[in-house]
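Student: I'd like to go through this model and ask how each label was earned. Can we start with a pair of charged residues?

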Amino acid sequence: MDASTSGGQGSSGLTTTTGGGNNNNNNNNNAGDTTMTTTGSLPTWIPFSLRRSIYRVVSYPTLADKIPFFVLQAIVSNGKWAFPILLGVCAAFALLWLPFWLLSFLITEFGVYAILIGTVFFIGRVIIRLLAFPGSSFKVSGDIEAEFAKYSVRMLDAAVTCVMDLSTSVLSLSSTANQGSGGGGMSSTNYDVVTLWKRTKSYRDRVLGLYFDVLSYVYQDDASSTPDGGSASHATMPHLTRHGNNRLNGDVGNLANVTTQAQSDGRTLLTLLGRLLAGIRGLERHASSVLEGRTNSGESATMIPSEVRTIARNLLETAKELHDILPSFKPNVPDNSLLDDLELQSEDDTADVTIDSVRAKLEQEENAGGTYAAAKGAASSILPLLDPPPHTSVFGMDVLRGTMLSRYAHAQQFWVRRPKGAGQLDVVHIPATNWSPTTMGRNPKAVLYCNPNAGLLEVAVGMSLNGGNISSENNEEVKENCWTDYYTHRGYDVYLFNYAGFGRSSGTSRNVQNKARSSGCFAACAHIFYSAFLDFQPTPSSLRADAISVGSFIVTDLGVTQLVVHGESIGGMAAAGAARHLSSNPLTQERMSLLICDRTFSNLEATAQRLVGAWSGRAIRTLAPIWSTDVAKDFLATTCPKVVANDAADSIIADPASLRGGISQYQEIRREVSTKGVGWVMDTPWEYRMAEFENVCVQQHFRSMMVQQAPVWPADKYMSLQECFHFAACARRIGKLATMERRSNNGGLRSRTASSDGEGGGFSFAMSPKSDGGGASGLSKVWRSMSCCDGLVCGHLGSYVRQGNDWTVMWLCSALTYGGQVLVHVAENRMQQAAVGGQQQQQVTIEQADFDLRPIGYESEESDTVMHPKPIPEVLAVIKAALESNSGDPSLAPIQHELQFCGGVLEYMVGRLTAPPVIETARKALHFQHPTLGCFLNLHCGHNNQYSPEEKERLQSILQEVAR
């Protein structure tokens, strides 16, 4: 907890009141005002150093601050509760310490302490690794396998049901004809047959044939041994099977990680699928006219040969047999498992099942159930992590991998050796749509996609059987549900891979992925020991090394000349490391086309600080001291064209911890030092904390009598950290006083302790235009405008002020570093439209209107609760007007210095962003001519969602610009 946060809580007993007299703090701006002051402020006759020491003690967070108040009240106020609770705590401590006390007689007390420290260190590293790389956990892969098994059974059940309906309809044609429906044309039953046949053909190729092809390849069955000859080629496209699926190529797997019973069930399923497909083909061959509705007007259903009716009966029997055994293919899971409650995203056959649905359900389970259920669930999750049991269904990762490859033409799997021969990486190559490597050669354009932390290549394209580029009946309809489809539709080959420790990729020479596991207690213990202490564990360095290995293989061994490296989330760390290496290597630097760091962080510690707490950054450094997660360093050192894509409203990676935020902080206030630690939580200087604590002017506690001045362009090329924090403190004080005034006018002022909200202090930051009525004070009007100030690449200023001063510092740095690119992009569009109208202009210039990013007609969309961000020049005009009319508005008297400084900073921002040298730098960065910053891509799609159509179009223009 930040000290400034604690200052607003109940530990100090502060209350707020409205004062009409002089302030005891001798603030010359507060004399005679009617604004809110703090009755609990320390008197000024106490020396400054002593007041700061007292404040530190009062605001220091303690464990009691985290305990609910009703618990403390029950213990303190009731002696009957206090004694048993104290006794229970002592007993629990004694029970916990007893085994260690006994152990000390064997290994001495020093040995016990060493074991405790080592255990805590080991467990801490395990927890950090599970949080940073959940995709390497057997729990995640097991949940994916279980969900895929459920989805596969459901799809097969729908396909078999359709075949049963078709067979029943064909058999009913004779009885319909005997009842008088002959010779007068086709009956309703004929139309049912035609409709069912169209659905059956779709299921035959998209579901039944696909699983048959995959299982045949996995079991390595000879085509001649199967009734259907499933491995036969397509009539016109030899790279496809007869069912229109891609012919598998590479190491898909051999079902070594499923139980013996599951392997036997899989062979039974393969046999039934072969019989079913053979029956469908026989029915098509002997009754095509009836199935396709081509019966002549003089023909009758009674003319259907007896052979067709026999085939239909056999087909119905086979379908019923398969339908009856399908439930046995569902995985054996406990009653309280994920699959009991997890529903598919849609009841439609085309529902896409991804790892996101599994994550969502896991988050719900963490918050459900009592203590016993949580303990039971935790215990049942530990052993599977160390000694995962074999999958109980044939629909495991091997079949999932096969179905993915079957949906993309010419897709194949291959292995890439890691550096120094330590293990190998599982890689999948998916060629561009309409690109045939056999006839057109190697595609010179390719994308290396680096997965996020919970991603595996097996689910990189989703689980839906509707995806891919060969299974759609409407080929003109292009669906881009994943990055693979996006890039392949634009002429790029895509390479997907698993990091070492994820899936089948191994970081050691000991590869047991396709080997059956030994059974028995000794084998289980040996496997647990090896997994816990000896097995390879992924690290940030290993992720970078894996991406470098695959990228080097693509450009050197496969001959790709235009490589795009796209890393999403933690994949941005691997992508930046690979791009830095490839762009600095003389043999490969000309082949690095583009680096895309997509919604990634500047470093992992900063992300943890914003998600968990400020302490977590130091904890990661302590438990994993050799980890290097500095993405900003690799990104800045990359010399090829590069893009930093960021969503300011990302719910996973907080904006200050994002790559854009880290680069901006480094460029603006840390130019002479390294990027290590950028994005970390920054403590507000004590002068500003004490000013907020005593509710006085931010200038009050500076020892120097010199008033802090705002930067001036062009004398000040950059802003200092002190100036940034001063701006943050000024904006915070304005917002706080405006909120206190609004609450006072709305029927009484609540205490600060009753409404504190972190560092936000319990005040609001966005006032609607109509909330204060026409008689709003100057203070309210100023803050209403300032809180909606547009950050160009960030959100509105008020939302950042609410989060804390370091958020405001990041808002300022980001606007100054990347805001120029947004303005140049708007100006170039404006100049392009003017050129179409006949006006020619060579040099890019920024106009005041370019700051306004609000859509046309935004006025009709605004209301009491909805406001668009206001452009910086408009906010600056409001502040200047308030400063000119301060004599007539007493609410502005206490914030004269704050208004002057904020107005000066905004004026500095406008002057700097519109200066020709800055415009030229932004233009070069926007068009990949700047060696450091990179092009900024502003997103509004969240952390895990796909880009919007506008964002995809912008990315496509970037790809076209860097294409050679």
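Tutor: Sure. Arg-732 is buried, and so is Glu-692. Keep in mind that this is a predicted model.

Student: What makes Arg-732 and Glu-692 a salt bridge?

Tutor: The cut-off is 4 Å between a side-chain nitrogen of Lys or Arg and a carboxyl oxygen of Asp or Glu. For Arg-732 and Glu-692 the closest N and O atoms are 3.0 Å apart, so the pair qualifies under the 4 Å limit. The pair also links distant parts of the chain, with Arg-732 in helix α24 (residues 721–745) and Glu-692 in helix α23 (residues 686–694), 40 residues apart.

Student: How many salt bridges does that rule give?

Tutor: The count comes to 31. One of them joins Glu-605 and Arg-621, with 3.1 Å between the closest N and O atoms. Glu-605 sits in helix α19 (residues 604–611) and Arg-621 in helix α20 (residues 615–623), so this pair ties together parts that are 16 residues apart in sequence.

Student: Why is Glu-605 called buried?

Tutor: Buried means under 20% relative accessible area. Glu-605 has 3% relative accessibility, so it counts as buried. Its partner Arg-621 has a relative accessible area of 24%, so the label there is partly exposed.

Student: And what are the labels for Arg-854 and Asp-852?

Tutor: Arg-854 is at 13% relative accessibility and therefore counts as buried. Asp-852, at 29%, is partly exposed. The two form a salt bridge, their closest N and O atoms being 2.8 Å apart. There's also a network: Asp-251, Asp-398, Arg-401, Asp-426, Glu-458 and Arg-504 are joined into one by salt bridges that share partners.

Student: Let's turn to the sheet. What makes β3 and β10 edge strands?

Tutor: Eight strands form an open sheet, in the order β3-β4-β6-β5-β7-β8-β9-β10, with mixed pairing. β3 (412–417) and β10 (935–939) each pair on one side only, and that's what earns them the edge label. From one strand to the next, the twist averages 20°.

Student: How do you know that β5 and β7 are paired?

Tutor: Two strands pair if there are at least two bridges between them. β5 and β7 have six, in the parallel sense, so they meet that requirement of at least two. Among the bridge partners, Val-447 goes with Val-564 in β7, and Lys-445 with Gln-562 in β7. Val-564 also has a bridge partner in β8, Leu-594, and β7 pairs with strand β8 (residues 592–598) in the parallel sense over six bridges. As for β5, it also pairs with strand β6 (residues 493–497), parallel over four bridges, with Tyr-495 in β6 as the bridge partner of Leu-448.

Student: Why is β7 described as largely enclosed?

Tutor: Seven of the seven residues of strand β7 (residues 562–568) are buried, so the rest of the structure largely encloses it. Both faces are covered: Gln-562, Val-564, His-566 and Glu-568 are buried on one side, Leu-563, Val-565 and Gly-567 on the other. β5 gets the description too, because five of its six residues are buried.

Student: What about a loop residue: is Leu-456 buried or exposed?

Tutor: Leu-456 has a relative accessible area of 1%, so it's buried, the limit being under 20%. Leu-456 lies in the loop between β5 (445–450) and α15 (483–488). Beyond residues up to four places away in sequence, the residues Leu-456 touches include Met-397, Asn-451 and Phe-502.

Student: Which label goes to Leu-98?

Tutor: Partly exposed, because its relative accessible area is 42%, which falls between the 20% and 50% cut-offs. Leu-98 belongs to helix α4 (residues 79–132). Together with Phe-93, Trp-97, Trp-101, Leu-102, Phe-105 and Tyr-113, Leu-98 makes a nonpolar surface patch of about 790 Å².

Student: One more: what makes His-581 partly exposed?

Tutor: Its relative accessible area of 34%, since that also falls between 20% and 50%. His-581 is in helix α18 (residues 571–584) and, leaving aside neighbours within four places in sequence, is in contact with Ile-548 and Ser-552.

Notes. Residues are numbered from 1 along each chain as its sequence is written. This is a predicted model: local features need pLDDT of at least 70, side-chain atom pairs count only at pLDDT 80 or more; totals for chains, interfaces and linings use all residues. Side-chain values use heavy atoms; hydrogens and water are left out. Helices (H or I, at least four residues) and strands (E, at least two) are DSSP runs, numbered from the N terminus. Buried means under 20% relative accessible area, exposed over 50%, partly exposed in between (1.4 Å probe, protein chains only). Contact means heavy atoms within 4.5 Å. Patches are made of residues with over 30% relative accessible area and no salt bridge: like charges are joined within 9 Å, nonpolar side chains (Val, Leu, Ile, Met, Phe, Trp, Tyr) within 5 Å. Accessible areas come from the Shrake-Rupley method with a 1.4 Å probe; for residues, only the protein chains shown count as cover. Axes are lines fitted to C-alpha atoms, for helices over the stretch in contact, and angles run from 0 to 180 degrees between N-to-C directions.
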